[in-house]
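Student: Got a minute to go through this structure with me? I'd like to start with the ligand site.
Tutor: Sure, here it is.
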Amino acid sequence: MTEQSPALDNLLTESRTFPPSEAFSAQANATADFYAEADADREAFWAKQAERLHWDTKWSQVLDWTTAPVAKWFVGGKLNVAYNCVDRHVDGGHGDQVAIHWVGEPGDSRDITYAQLKDEVSRAANAFESLGLTAGDRVAIQMPMVPEAIFAMLACARIGVLHSVVFGGFSPTALRSRVDDQAAKIVITTDGQYRRGKAAPMKVNVDEALEGAESVEKVIVVRRTGDEVPITEGRDLWWHELVDSQSAEHAPQAFDSEHPLFILYTSGTTGKPKGILHTSGGYLTQAAYTHHNVFDHKAGEDVYWCTADIGWITGHTYIVYGPLANRTTQVVYEGTPNTPHEGRHWEIVQQHKVSIYYTAPTLIRTFMKWGNEIPEKYDLSSLRVLGSVGEPINPEAWIWYRENVGANSAPIVDTWWQTETGGIMISPLPGVTATKPGSAQKALPGISAKVVDDQGAEVGKGGGGYLVLDKPWPGMLRGIWGDEQRFRETYWSRFADQGYYFAGDGAKYDADGDIWLLGRVDDVMNVSGHRISTTEVESALVSHPTVAEAAVVGAADPTTGQGIVAFVILRGNAVDGGEQAVQELRNHVAKEIGPIAKPRQILVVQELPKTRSGKIMRRLLRDVAENRQVGDVTTLADSSVMDLISSGLKSGK
Ligand code: PRX
């Protein structure tokens, strides 16, 4: 990674910058002096951020890193996370403020105030205690985006029980392995879920998953679709029967700052999913601090919407913990973005006057594919900050987002972080940073990131390498559940000499020293000794007017080491994918990046294989590109996609 690739340099020819308007800066939460303040005394800076929370007992030490790589933040401090997210706001006189504008996919809706949220969470906490749950126990939650999912998470937090949310689209096998790994005592689910306009079963999948699961004592079922479900006597309980009759009074107990808050499983490149462990005080501090500053959130004024699912870390930190700690009024939407029509998100923005919108590049590119005329039909003038997360955002999607959603004025924050980091790490600060399409730019004040070479030495401006986090941060993972060895090996062994956390991402500094994320290092190709990021080639492809979406993989090549193979989806009104169109795209990439990046092969496809979280599964595309039998497709959102791609290629379509 130390060598300079001319191809990588070309990605950085994206030189547009968008300084914040004076009016925005004048009212922004963040100010430029935060960086210097944090640099001068990091621990004092974080201590100040922790003051946003209510602590029952103040900490005696900000950071104890003597037990590295397992950090202790706000040592000796005690707090209740749910109290901080709920009761505190009611006590502060904001009980009538809407916490959640919940929008169901079929069109039903529910507004939940902070006072109501407090009652719901308290009832659920009483119910969980009545079942014998005590601090340190684990509860698995597999639910769609219904309010009870949030109540359940907060109720667990309130009584010191660890929740482990499993994305609703995961298979019974996936759920089971997670339940077993943490020995969950209780599983919470719904009868069914609405997906693309139809009710789909959920409870039956949970039943299948739990057959013979020894740790599970009870299954709590929320009624959502009303479909009939089998009930196992003695094990299954209806949420409404169990919870609704409970008292709405529940005294929150203070837990140690390092008390575990949740486990969230994330897939590694190999092996079984890793149960990422997060704890209380540091995590909540970083969640609240980043949400406040990165989104410029103003309590009681903004209407915020993060489109993630609570099954992912973004849903944990930027739907549940960060926003609620900051007394946010937010939209929570249950369904898919094109049900019942492709303007659904914009309709919701218009209706609720959403002012902060946080989504993923994959969805932005989908919106592009659907066409500019869709957002144009709605009044999006309430939007004032736009966020992006989950993958590098290509400059074209960034500009499209700015122009078509942000009226050419809303700052875009491209936020880099991971399940493991707990909260945002690298991002522009709206009102402070002149943004650059495609770059996450700088570590936030209080956070330290570096781009280093193979040996762990920091590269200079214009240099590329590996992204590392060289100083502990409050929201950092405290381990992999039940597997400390794997925790050390996965994150801390690559740069053990320096004690750096290895993020697994490739990155580069531009001439200004801003950071550009280049995708996972396992997705970086090596063609004739030149390192080329899949992201970079994809970005070039989607900058062509006929391309809606592209995925690029490095396929083994006897001459060049790896050759670039691209899978592209053309825009609806584009010419069909004949030889001429393909040739034009190859030339376009050569022109955008350099001849070295010219794909060996471009395959026009109808769909790309994506996980349920919207990530393209390059592994499967690599199988196709290398003429192998396609591997495990069980984590795909739609497993028939691979058949479609393979048969399309065979028939020459
Ligand atoms: O490769 C980076 C990419 O997503 C990875 C983390 O994935 P996950 O744990 O599922 O969390 C996603 C939501 C925080 C990272 O290692 N990634 C995330 N955000 C960005 C990104 N890559 C580039 N730019 C981003 N803004």
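Student: Which element gives the most to the shell around the ligand?
Tutor: That's β24, with three residues. Strands here are DSSP E runs of at least two residues and helices are H or I runs of at least four, numbered from the N terminus.
Student: Before we go on, what kind of model is this?
Tutor: A predicted one: local features need pLDDT of at least 70, side-chain atom pairs count only at pLDDT 80 or more, and totals for chains, interfaces and linings use all residues. Residues are numbered from 1 along each chain as its sequence is written.
Student: OK, and which residues come nearest to the ligand?
Tutor: Of the 19 around it, P392, W416, Q418, T419 and L517 (near means a C-beta atom, placed from the backbone, within 6 Å). Elements giving two or more residues to that shell are α12 (313-325), β20 (412-415), β24 (501-509) and β25 (515-520).
Student: Switching topic: is β15 buried or exposed?
Tutor: Six of the six residues of β15 (274-279) are buried, so the strand is largely enclosed by the rest of the structure. Buried means 20 or more other C-beta atoms within 10 Å of the residue's own, with C-beta atoms placed from the backbone.
Student: Which residues sit on each side of β15?
Tutor: K274, I276 and H278 are on one side, with G275, L277 and T279 on the other.
Student: What does β15 pair with?
Tutor: Strand β14 (260-266) runs antiparallel to β15, joined by six bridges, and T266 partners K274. Two bridges also join β15 to antiparallel β23 (479-480), where I276 partners I480. Pairing takes at least two DSSP bridges between the strands.

Note on methods: Buried ≥ 20, exposed ≤ 12 C-beta atoms within 10 Å, placed from the backbone.
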